[in-house]
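Dear colleague,

I am passing a structure on to you, together with a short account of what was found in it. Please have it open as you read.

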Amino acid sequence: MPLRAERIDDIAVLTLARPAKRNALSDEAVLGIERFFDGLEPDVRAVVIDADGDHFCAGLDLAEMTERDTLAGVTHSRMWHRVFEKIEFGPVPVVAALKGAVVGGGLELAAAAHVRVAEESTFYALPEGQRGLFVGGGASVRVPRLIGVPRMADMMLTGRRYDAQEGLALGLSQYAVADGLGRKTALELAGRIAQNAPQTNFAVVQALPRIAEANPRDGFLMESLMAAIAQGTDDAKGRMQDFLDGRGKKVTDQ
């Protein structure tokens, strides 16, 4: 099987499990990702995407590339879009633990996660431009949001690679850690995320990206609505009372 799923307390972990293929994504794997997110239990509070072996994901499994007519090509691309949207706009935040190759479709998968932790071995590339192809799994939408259109164009036109530290500086990851610590760090971050109020995590996953893409007038209104919804919950009222009573953590607390 190309994937492995497990549960650690209130965190669900999905592991890419084709190390001999550098975890290249077959259609079976992509559809398995969809089934995993569709089947998340209601009490799951965060997800970690991990990978076996030395590489996160080297992209599309080229062994599955077949000649497709135009419509079939569009349909295949849209299948990837549908699946990765369930990561980006799913029920809970997703943390990706990156290492080695994060290339092509692997970068598209990583970009759909909300938090990315990169081990020092991590490198990013979009080799489609050297193969006569164009990205089809959402990279042209998600990657420019992280690094900008000019940098993505450079990656595709020249084959430029970024290493872990460069990726951290550009926004391809939010954390860089030593080799071997990616999964551990991702689980620690997911554990912190799982302690957040569900309404806050929902707002960050569902509302924040849409607010950021809206025109300012609509964005401000959506922000006001989401803020009112969040603070009106019993959970938020209880957390605020704990803080006022001195039981809540302050920003300076570690």
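A residue is called buried when its relative accessible area is under 20%, exposed when that area is over 50%, and partly exposed in between. Please keep in mind that this is a predicted model.

With that cut-off in hand, helix H3, which covers residues 105-112, is mostly covered, since 8 of its 8 residues are buried. The buried residues of H3 are Gly105, Gly106, Leu107 and Glu108, followed by Leu109, Ala110, Ala111 and Ala112.

Two of these residues lead on to another helix, because Ala111 and Ala112 are among the residues in contact with Arg142 when neighbours within four places in sequence are left aside. The other contacts of Arg142 on that basis are Phe84, Glu85, Glu88 and Gly137. Arg142 itself belongs to helix H4, residues 139-147, and with a relative accessible area of 9% it is buried, because that value is under 20%.

The remaining point concerns the backbone in a loop. Most residues other than glycine have a negative phi. Arg22, however, has a positive phi, near 55°, and Asn23 likewise has a positive phi near 55°. Arg22 lies in the loop between strand E2 (11-16) and helix H1 (27-38), and Asn23 is also found in the loop between E2 and H1. As to accessibility, Arg22 counts as partly exposed because its relative accessibility is 37%, whereas Asn23, at 2% relative accessibility, counts as buried.

With kind regards

Note on methods: Residues are numbered from 1 along each chain as its sequence is written. This is a predicted model: local features need pLDDT of at least 70, side-chain atom pairs count only at pLDDT 80 or more; totals for chains, interfaces and linings use all residues. Side-chain values use heavy atoms; hydrogens and water are left out. Helices (H or I, at least four residues) and strands (E, at least two) are DSSP runs, numbered from the N terminus. Buried means under 20% relative accessible area, exposed over 50%, partly exposed in between (1.4 Å probe, protein chains only). Contact means heavy atoms within 4.5 Å.
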